[in-house]
Amino acid sequence: MDLNVLNPQGPIARSIAQLSWALFSLSGIVYVVVIVALFWALRRTRDESDDSPQTTKRLTRTVAAASAVSACILVALTLTTVFADRGLTQPSGQGAIEVDVIGHMWWWDFRYRDVTPSDWVNSPNELHIPVGVPVVLRVTSQDVIHSFWVPNLVGKRDLVPGQVTYTWIQADKPGVFRGQCAEFCGYQHAHMALLVIAEPVAEFQKWIQHQRQPAPEPATAEQQRGRDLFLGSTCVTCHSIRGTPAGSRIGPELTHVATRRTIAAATLPNTPEHLRSWIANPQAIKPGNRMPPSPLAADDLGAVVAYVRSLQ
Ligand code: CUA
């Protein structure tokens with residue numbers, strides 16, 4: 001999974017890459033022409049005709065022509081930039097879906113709204129999109145300025161607190177693309193990553209249907225004990241799990257957390273071991289983040305991990 005603006009995997013990233021190549025190649029040509037002219041001028045010796053009125057006239061014409069060419073190049077570059085930039089704010093396809101992007105210190109919330117509020121889906125740090133369909137992103141922040149950036153799919157868009165701006169994203173083919181916060185937002189700015197999961201439309205629909213379901217009931221005694229511990233502890237002051245009394249929106253939604261590939265904003269793979277060390281002491285992994293350490297005994301911690309792992 002490379003983070004590469006020159007390896008575009010969707011229409012917006014492609015227009016940005018094309019613009020970069022246009023700027024780069026034109027600047028390259030201008031650079032070579034100027035350097036060749038410079039060396040030619042340095043090597044040339046003066047001769048008698050240099051001060052003649054004809055030469056002065058010819059030079060005036062040459063300088064005027066060179067200025068006109070420079071002006072044309074600058075206007076062309078300006079127009080290309082303006083059109084590329086406009087393309088970034090207006091989705092070109094039909095049937096766009098809309099997702100809210102909400103920045104937090106230091107994680108991402110992606111919210112899929114629906115006409116029925118109970119069908120709204122929150123998918124922290126994992127943006128699922130259907131392949132070939134434009135997805136409009138309503139972008140804002142809960143706290144400080146962040147910046148949404150998925151190099152292979154879309155350029156940077158700032159998340160400004162108290163303000164909603166729009167951008168859009170689209171992928172050509174299925175794949176997992178890494179994104180990164182691109183605006184310094186505090187101590188854990190570097191650990192504010194995300195995954196974009198582009199999947200065929202049918203699979204995307206299946207995913208969203210599944211995310212709308214309440215959390216599965218505990219299947220074992222240990223998971224049951226884990227749920228009781230979870231609901232009886234401070235976890236519920238920040239997290240929500242649909243189908244249980246936990247309903248706070250301060251931290252990431254956990255209803256189907258076990259289906260996600262990573263934890264802690266794409267900082268760690270979502271494995272039982274990482275989950276265990278994260279719950280035990282998140283401050284050791286992402287110092288300064290809002291989640292406090294859990295003062296749980298080892299077997300209680302194991303039960304909570306078993307319960308969270310069951311949230312498929
Ligand atoms: Cu959020 Cu940097």
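**View A. Crossing of helices α5 and α7 in the predicted model.** Helix α5 spans residues 272-280, and its axis comes within 10 Å of that of α7, crossing at roughly 120°. That angle makes α5 oblique to α7, because angles between 115 and 145 degrees are neither roughly perpendicular nor roughly antiparallel. The crossing is right-handed. On the α5 side, the contact is made by P272, L275, R276, I279 and A280. These residues meet A298, L301, G302, V304, V305, V308 and R309 of α7. Sorted by class, the contact between α5 and α7 comprises 9 nonpolar, 1 polar and 2 charged residues.

**View B. The buried face of helix α4.** Helix α4 covers residues 221-231. Which residues of α4 are buried? They are Q223, G226, R227 and F230. Seen down the axis of α4, these buried residues fall within an arc of 100°, so they line one face of the helix. In an α-helix there are 3.6 residues a turn, so residues three or four places apart point the same way. The buried residues of α4 pack against α7, residues 298-309. Helix α7 is also the partner of α5 in View A.

**View C. Packing of helices α1 and α2.** Helix α1 runs over residues 11-43 and helix α2 over residues 53-89. Their axes lie 9 Å apart, and the angle between them is about 170°. This makes α1 roughly antiparallel to α2, because angles over 145 degrees count as roughly antiparallel. From α1, the residues in contact are I12, S15, I16, L19, L23, L26 and V30. From α2, they are I73, L77, T80, T81, A84 and L88. By class, 10 residues of this contact are nonpolar and 3 are polar, with no charged residues.

**View D. Surroundings of I285 in helix α6.** Helix α6 consists of residues 282-285, and I285 belongs to it. Is I285 buried, partly exposed or exposed? Its relative accessibility is 23%, so I285 counts as partly exposed; the cut-off for buried is under 20%. Leaving aside residues up to four places away in sequence, I285 touches H191, L268, S277 and W278. Of these contacts, H191 is 94 residues from I285 along the chain, and the C-alpha atoms of the two are separated by 9.8 Å.

**View E. A cis peptide bond between M105 and W106.** The peptide bond from M105 to W106 is cis, and its omega is near 0°. Most peptide bonds are trans. W106 sits in the loop that joins β1 (97-104) to β2 (107-112).

**View F. Positive phi at N125 and A265.** Most residues other than glycine have a negative phi. Phi of N125 is nevertheless positive, near 65°. N125 is part of the loop between β3 (121-122) and β4 (126-130). With a relative accessibility of 8%, N125 counts as buried. A265, likewise not a glycine, has a positive phi of about 60°. Where is A265 found? A265 lies in the loop between β11 (262-263) and β12 (268-269). A relative accessibility of 1% places A265 among the buried residues.

Definitions and conventions: Residues are numbered from 1 along each chain as its sequence is written. This is a predicted model: local features need pLDDT of at least 70, side-chain atom pairs count only at pLDDT 80 or more; totals for chains, interfaces and linings use all residues. Side-chain values use heavy atoms; hydrogens and water are left out. Buried means under 20% relative accessible area, exposed over 50%, partly exposed in between (1.4 Å probe, protein chains only). Helices (H or I, at least four residues) and strands (E, at least two) are DSSP runs, numbered from the N terminus. The arc is that of the directions from the helix axis to the C-beta atoms. Contact means heavy atoms within 4.5 Å. Axes are lines fitted to C-alpha atoms, for helices over the stretch in contact, and angles run from 0 to 180 degrees between N-to-C directions. Angles under 35 degrees count as roughly parallel, over 145 as roughly antiparallel, 65 to 115 as roughly perpendicular and the rest as oblique. A crossing is left-handed if the near helix is turned anticlockwise from the far one by less than a right angle, and right-handed if clockwise. Ala, Val, Leu, Ile, Met, Phe, Trp, Tyr, Cys and Pro count as nonpolar, Asp, Glu, Lys and Arg as charged, and the others, Gly among them, as polar.
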